Amino acid sequence: MIEVIKAHYKRLISNITIEPVIIFFLFGYGILFTGLKNFELEKACATKTDYDLEVCKYFPQLEGTNACKDKNQSSVVPELVNYTMDQGEFSRVACSAKDEAGDALLVLNSYRNIITGVIQAVVLLFAGSWSDRAGLRKPCIVIPIAADIVSLIALIVCAIFMREIPLEITGILHQLISHLGGGGAMVLTGIYSYLTLVTTESERTFRFACTHVIMTIVPIIANFFSGFIFKALGFIKLCMLCTVTHSIALLYGLLVLKEPSKVDTVADSGVTPKEDTVQNEPPKVWKLFDLSLVTDCITVLTKKRNFNIRKLLILTLVVYFVNFGAAGDVSPSQIIAQVRFNWATNLGMWNAYDLLTTLLGTLLAIGVLGKRFGVSDHLICVFSVCFTLVAKPIMAYAATAGIGTLFYVATSIDVFDGSKVVAILSIVSKLVEQNEIAKINSIMGIISSIESMIYPTIYSLVYFSSKEVFIGAIFMLSEAFLLISLGFYVLLYIMSRKLNGKNDNQGREGVDNYAMEATAM
């Protein structure tokens, strides 16, 4: 018995490669969530209003009070002894400051993603193909983490000079630095490319499943405790803690993690090596900017395919773009939760609850409907959209009425939201060849960057134009995008049925590409 345990233990240890990087990186990423949201709100108050800094710093302590329910009535606010104003006056000032700060933050969100999104799209466009050609996976993992460490240092500096450094520089600079390194999308690409190369085909499903569990559980735990850690440490010390966790991940990636030894550096480029010396030629950094890397990605969309598969592929990418429009209300909803519900700690708990319910719903939809009953990916998307259509009006009413608990109710109903993303990636993986998976991943990453440039601006405009009349209008805009995507999914289902009739081998149902599935989840 002991020998069996030792054997399993040795196998477990020998299989540990990228997991420590994932754990430390995602943990630091998760615990920063609530603190960063509160810091940006406080920064907006400090630089865009004339209120005292003590009023701005007091925002997290309003959580659990009714201070902003009726600004014309006095409310009992704890620790008022440090203020010279009475309770009613402090309630009015604090809530007015938070409202103005929230508006300033939404204005920033309307254009900063345009700046940072362009940078990330360009980086992803070149870096993915360069990594395939050079046969190097570690740079796609360690460079984004190093960039995030620099962005954390920038946040610390911006927090120290609260009044002196404007909101615009604070909000754009840390995202710009992170996106110059590729951001989280590049880390994901590097992780799954690395695992694909260091595992055998028979072990790959198990390794992807284990990695997926880690990448799901760690953010849930980190987000849940992010608010408590923020209140205990403060933002600057929280950034220092995240810098430590990121540094551990970076050092492990540089010193312990080994580059895969057997990598076919030319298989995806379509170039046949003339001599063995081609394999030994060191990769050149300047090749990162080779324009042929761009054409490699574009060829995936322009390449002729049998049975109108190219048309199906392009249409699927279109619905992927439209589908993100329904998720464009995420950032405004978080600001609404901070301003209307006075959420601080609860913001991280709600985000953790959202991640947990989405995970459970995705496992149910893909595992039971897809695998057990053979429901097609397109119908899973239809199933998911229908539940989201019910949840959005509830969130609209919750934002208008100021009832925070209804956000939890809506999240519980929208439990299958993540399944449509997994299903879309599964559909795409079946429409391209195996040696095109990395390139189509890069294209979808670029689409995500473009989405982040367009939709926040649209939602900000809708929010400001309807704020005084119906603050929940942004969720009804999401409803409109959902209805459009629903029509696309039905059309895709009809087209796929025709494709199945032409070629049964192209008609496989359910998720069968585990790398794509795990990445989405």
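Visitor: In which helix does Phe228 lie?
Guide: Phe228 lies in helix H8, which spans residues 201-233. Keep in mind that this is a predicted model.

Visitor: What makes Phe228 partly exposed?
Guide: The relative accessible area of Phe228 is 42%. Buried requires under 20%, exposed requires over 50%, and partly exposed is what lies in between. The 42% of Phe228 lies in between, so the residue is partly exposed.

Visitor: Which residues form the nonpolar patch with Phe228?
Guide: The partners of Phe228 in this surface patch are Val213, Ile217, Ile221, Phe224 and Phe225. Together the patch residues have about 520 Å² of accessible area.

Visitor: What makes Phe228 eligible for a patch on exposure?
Guide: A patch residue needs over 30% relative accessible area. Phe228 has 42%, so it passes that test.

Visitor: How do you know that Cys45 and Cys56 form a disulfide?
Guide: The S to S distance between Cys45 and Cys56 is 2.0 Å. The limit for a disulfide is 2.5 Å, so the pair qualifies. By this rule the count comes to 1 disulfide.

Visitor: Which parts of the chain does the pair link?
Guide: Distant parts. Cys45 is in helix H2, residues 19-48, and Cys56 is in helix H3, residues 53-57. The two cysteines are 11 residues apart.

Visitor: Is the link of Cys45 and Cys56 left-handed or right-handed?
Guide: Left-handed, with -70° about the S-S bond.

Visitor: Why do Cys45 and Cys56 count as buried?
Guide: Cys45 has 0% relative accessibility, and Cys56 has 1%. Buried means under 20%, so each of these cysteines counts as buried.

Visitor: Why does Cys158 have no bond to Cys239?
Guide: The closest cysteine sulfur to that of Cys158 is in Cys239, 9.8 Å away. A disulfide needs sulfurs within 2.5 Å, so this separation is too far for a bond. Cys158 counts as buried, at 3% relative accessibility.

Visitor: How far is the sulfur of Cys239 from the closest cysteine sulfur?
Guide: The distance is 6.3 Å, to the sulfur of Cys242. Set against the 2.5 Å limit, that is too far for a bond. Cys239 is buried, with a relative accessible area of 0%.

Visitor: What makes Cys386 partly exposed?
Guide: Cys386 has a relative accessible area of 37%. That value lies between 20% and 50%, so Cys386 is partly exposed. Cys386 belongs to helix H15, residues 377-401. From Cys386 to Asp414 the C-alpha distance is 9.0 Å, with their positions 28 residues apart in sequence.

Visitor: Why does His246 count as buried?
Guide: His246 is at 3% relative accessibility. The cut-off is under 20%, so His246 counts as buried. Its place is helix H9, residues 235-256. Leaving out residues up to four places away in sequence, His246 touches Phe25, Gly28, Tyr29, Ile145, Asp148, Ile149 and Leu152.

Visitor: How do you know that Asn109 and Arg112 make a polar contact?
Guide: Their side chains are joined by a polar contact of 2.9 Å. The distance limit is 3.5 Å, so the value fits. Asn109 sits in helix H4, residues 87-134. At a relative accessible area of 7%, Asn109 is buried. Beyond four places in sequence, Asn109 touches Ser331, Ile335, Pro456 and Ser460.

Visitor: What is the phi of Asn342?
Guide: Asn342 has a positive phi of about 60°, although it is not a glycine. Most residues other than glycine have a negative phi. Asn342 lies in the loop between helix H13 (330-340) and helix H14 (345-372).

Visitor: Is Asn342 buried or exposed?
Guide: Buried. The relative accessible area of Asn342 is 3%, and under 20% means buried.

Visitor: Why does Val490 count as partly exposed?
Guide: Val490 is at 39% relative accessibility. This falls between 20% and 50%, so Val490 counts as partly exposed. Val490 is found in helix H19, residues 473-502. The C-alpha atoms of Val490 and His378 are 7.3 Å apart, though the residues are 112 apart along the chain.

Visitor: How many helices and strands are in the chain?
Guide: The chain has 20 helices and 0 strands. Of its 521 residues, 54% count as buried.

Conventions:
Residues are numbered from 1 along each chain as its sequence is written. This is a predicted model: local features need pLDDT of at least 70, side-chain atom pairs count only at pLDDT 80 or more; totals for chains, interfaces and linings use all residues. Side-chain values use heavy atoms; hydrogens and water are left out. Helices (H or I, at least four residues) and strands (E, at least two) are DSSP runs, numbered from the N terminus. Buried means under 20% relative accessible area, exposed over 50%, partly exposed in between (1.4 Å probe, protein chains only). Patches are made of residues with over 30% relative accessible area and no salt bridge: like charges are joined within 9 Å, nonpolar side chains (Val, Leu, Ile, Met, Phe, Trp, Tyr) within 5 Å. Accessible areas come from the Shrake-Rupley method with a 1.4 Å probe; for residues, only the protein chains shown count as cover. A salt bridge is a side-chain nitrogen of Lys or Arg within 4 Å of a carboxyl oxygen of Asp or Glu. Contact means heavy atoms within 4.5 Å. A polar contact is a pair of N or O atoms within 3.5 Å; within protein, one must be able to donate a hydrogen and the other to accept it, and residues adjacent in sequence count only if both atoms are side-chain atoms.
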